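Biologist: Could you take a close look at one part of this model for me? I'd like to start from a single helix and hear how the rest of the chain is arranged around it.

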Amino acid sequence: MYGRNITFTLLAPSLWAVVEAIASNIEEERYKRMLFKTGDNNGFIIEVFENITVAGKKIETMKAMQGLGEQAMAKVSIQEGSLLNK
């Protein structure tokens, strides 16, 4: 299992409509995406993938959020990693 966490702070609360369009909740067989709001201007997106190969093919959410950052509409941070098996 592989995961991606995208945290963000929006320039304005009105940008939530854009984020919701980019990152609506999805649950598929090999992929799951969840959007969380932690404040008026911030939140995070959790993506869970079957493996790193699937993650490499599902980059549209990450690219769209990075685009908001590049346009100075949001501060965006992305972390990725594998599940530790114990």
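Modeller: Here is a walk outward from helix α3, through the core, the aromatic pairs and the charged side chains. Keep in mind that this is a predicted model.

Let's begin with the helix itself. Helix α3 covers residues 60-70, and its buried residues are Thr61, Met62, Met65, Gly67 and Leu68. Those buried residues have plenty to pack against: strands β1 (2-10), β3 (31-37), β4 (42-49) and β5, plus helix α1 (16-22). Just past the end of α3, Ala72 has a positive phi, about 60 degrees.

A little further along you come to Ala74, which belongs to strand β5 (residues 74-82). Ala74 has a relative accessibility of 10%, so it counts as buried. Leaving out residues up to four places away in sequence, Ala74 touches Leu68 and Gly69, and also Thr9, Leu10 and Leu11. If you want a distance to check on screen, the C-alpha atoms of Ala74 and Ile6 are 12 Å apart, with their positions 68 residues apart along the chain.

Back to the helix, and to Met65. With residues up to four places away set aside, Met65 touches Ile6, Phe8, Val19, Ile22, Ile45 and Val76. Met65 is also one of the residues with the most contacts inside the largest nonpolar core, along with Phe8, Leu10, Val19 and Ile45; that core has 14 residues. At least two of its residues come from each of β1, α1 and α3. There's another core lying apart from this one, with five residues, including Tyr2, Phe49, Val54 and Ala55.

Phe8 turns up again once you look at the rings. There are three aromatic pairs in the structure. One of them joins Phe8 and Trp16 edge-to-face, with 5.5 Å from centre to centre and 65 degrees between the planes. Both Phe8 and Trp16 are buried. Phe36 and Phe44 make another pair, this one stacked, with centres 4.6 Å apart and planes at 15 degrees. Neither of those two counts as buried: Phe36 is partly exposed at 34% relative accessibility, and Phe44 is partly exposed too, at 24%.

Now go back to α3 and pick out Thr61, one of its buried residues. The side chain of Thr61 makes a polar contact of 2.6 Å with the side chain of Arg33. Arg33 sits in strand β3, and it's a residue I'd pause on: Arg33 is buried yet has no salt bridge. Why not with Glu47, the nearest side chain of opposite charge? Glu47 is 4.6 Å away, and a salt bridge has to fall within 4 Å, so this pair misses the cut-off. Beyond its sequence neighbours within four places, Arg33 is in contact with Ile22, Ala23, Ser24, Asn25 and Ile26 on one stretch, with Ile45, Ile46 and Glu47 on another, and with Thr61.

Other charged side chains do find partners, and the whole structure has four salt bridges. Glu80 pairs with Arg4, the closest N and O atoms being 2.8 Å apart. Glu80 is in strand β5 and Arg4 in strand β1, so this bridge ties together parts that lie 76 residues apart in sequence. The two ends are not equally accessible: Arg4 is buried at 3% relative accessibility, whereas Glu80 is partly exposed at 39%.

Lys58 comes shortly before the helix, in the loop between α2 (52-57) and α3. Its side chain meets that of Glu28 in a salt bridge of 3.2 Å, N to O. Glu28 is in the loop between β2 (26-27) and β3, 30 residues away from Lys58, and the pair links distant parts of the chain. Both ends are partly exposed, Lys58 at 22% relative accessibility and Glu28 at 41%.

That same β2-β3 loop also holds Arg30, which is bridged to Glu50 in the loop between β4 and α2, 20 residues apart. For this pair the closest N and O atoms are 3.7 Å apart. Arg30 is partly exposed at 40% relative accessibility, and so is Glu50 at 42%. Finally, Arg4, Glu47 and Glu80 are joined into one network by salt bridges that share partners.

Conventions. Residues numbered from 1 in each chain as written. Predicted model: local features only at pLDDT ≥ 70, side-chain atom pairs only at ≥ 80, totals over all residues. Heavy atoms only, no water. Helix = DSSP H or I, 4+ residues; strand = E, 2+ residues; numbered from the N terminus. Buried < 20%, exposed > 50% of the residue type's maximum accessible area, 1.4 Å probe, protein only. Contact = heavy atoms within 4.5 Å. Core = buried A, V, L, I, M, F, W, Y, C linked by side-chain atoms within 4.5 Å. Lys, Arg positive; Asp, Glu negative; His and termini not counted. Polar contact = N/O pair within 3.5 Å; in protein donor to acceptor, adjacent residues only side chain to side chain. Phe/Tyr/Trp six-rings, centres within 6.5 Å; stacked < 30°, edge-to-face > 60°.
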